[in-house]
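Here's a quick briefing to read with the structure open beside you. Take a moment to look it over and turn it around before you start on the points below.

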Amino acid sequence: MSKPLKNLIVLVILLIIVNIFSYNFYKRFDFTSDGRFTISSISENLIDSIKSPLSITVFLKGDLNGEFKRLQRETRFILEEFNAKNPQIRFEFINPVAGK
């Protein structure tokens, strides 16, 4: 077996191992200086205490201007963080003026 083929096989095996490891050990990192994307320990405890499904409806969908679009994106991001920590937390975005 040639050396490049061995290197390719080793690389593929390492990528598979890293993929399995990252799937089982999920961690997000906040590299902002003010820690704006870090959930506080009090919030984490509250999120962990939710045992039954919690549905959150956010009325931020549709044709939004720049600031509301940013608010929608940031709200979606934090709710995705909550859902990643506890799958019992579910959310949906709804257009409040749909059908008018």
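Let's begin with one pair of residues: Ile56 has Phe91 in S2 as its bridge partner. Keep in mind that this is a predicted model. From that pair we can work outwards to the strands, then the whole chain, then a pocket and a few single residues.

**The two strands**
- Ile56 and Phe91 aren't alone, as Leu54 also has a bridge partner in S2, namely Ile89.
- Altogether, strand S1 (residues 54-58) and strand S2 (residues 89-93) are joined by 5 bridges.
- Parallel or antiparallel? S1 and S2 run parallel.
- Add helix H3 to the picture, and S1, H3 and S2 turn out to make a β-α-β unit that is right-handed.

**The whole chain**
- If you count up the elements, you get 3 helices and 2 strands.
- Start at the N terminus and walk along, and the order goes α-α-β-α-β.
- The radius of gyration is 20 Å, while the globule rule gives 13 Å for 100 residues; the protein's value is well over that, so the protein is more spread out than a compact globule.
- You can also look at the C-alpha trace, which spans about 70 × 35 × 30 Å along the principal axes.
- How much of the protein is buried? Of its 100 residues, 12% are buried.

**The largest pocket**
- Rolling a probe the size of a water molecule over the atoms shows where empty space is left.
- In this model, the largest pocket holds about 290 Å³ of space.
- Its lining is made up of 13 residues, and those closest to the pocket's centre are Lys27, Arg28, Phe37, Glu81 and Lys85.
- Which element gives the largest share of that lining? It's helix H3 (residues 66-85), with 4 residues.
- Sort the lining by class and you'll find 6 nonpolar, 6 charged and 1 polar residue.

**Lys27, by the pocket's centre**
- Lys27, one of the residues closest to the centre of the largest pocket, is found in the loop between helix H1 (3-24) and helix H2 (41-49).
- Why does Lys27 count as exposed? Its relative accessible area is 58%, and exposed means over 50%.
- Along the chain, Lys27 and Ala84 are 57 residues apart, yet their C-alpha atoms are separated by 9.7 Å.

**Two partly exposed residues**
- Asn7 sits in helix H1 and is partly exposed, because its relative accessible area is 45% and the partly exposed range runs between the 20% and 50% cut-offs.
- Between the C-alpha atoms of Asn7 and Lys69 there are 47 Å, and these two residues are 62 apart along the chain.
- Arg90 belongs to strand S2, and its relative accessible area of 43% makes Arg90 partly exposed too.
- Pick Arg90 and Lys3, which are 87 residues apart along the chain, and you'll find their C-alpha atoms separated by 50 Å.

Terms used:
Residues numbered from 1 in each chain as written. Predicted model: local features only at pLDDT ≥ 70, side-chain atom pairs only at ≥ 80, totals over all residues. Heavy atoms only, no water. 1 Å grid on protein atoms, 1.4 Å probe; cavity = no way out; pocket = protein on both sides within 12 Å on 5 of 7 lines; lining within 4 Å. Points joined across faces, edges and corners; volume = space filled by probe spheres on them. Nonpolar A, V, L, I, M, F, W, Y, C, P; charged D, E, K, R; others polar. Pairing = 2+ DSSP bridges. Right-handed = clockwise from strand over helix to strand, strands pointing away. Rg over C-alpha atoms; globule rule 2.2 N^0.38 Å. Buried < 20%, exposed > 50% of the residue type's maximum accessible area, 1.4 Å probe, protein only.
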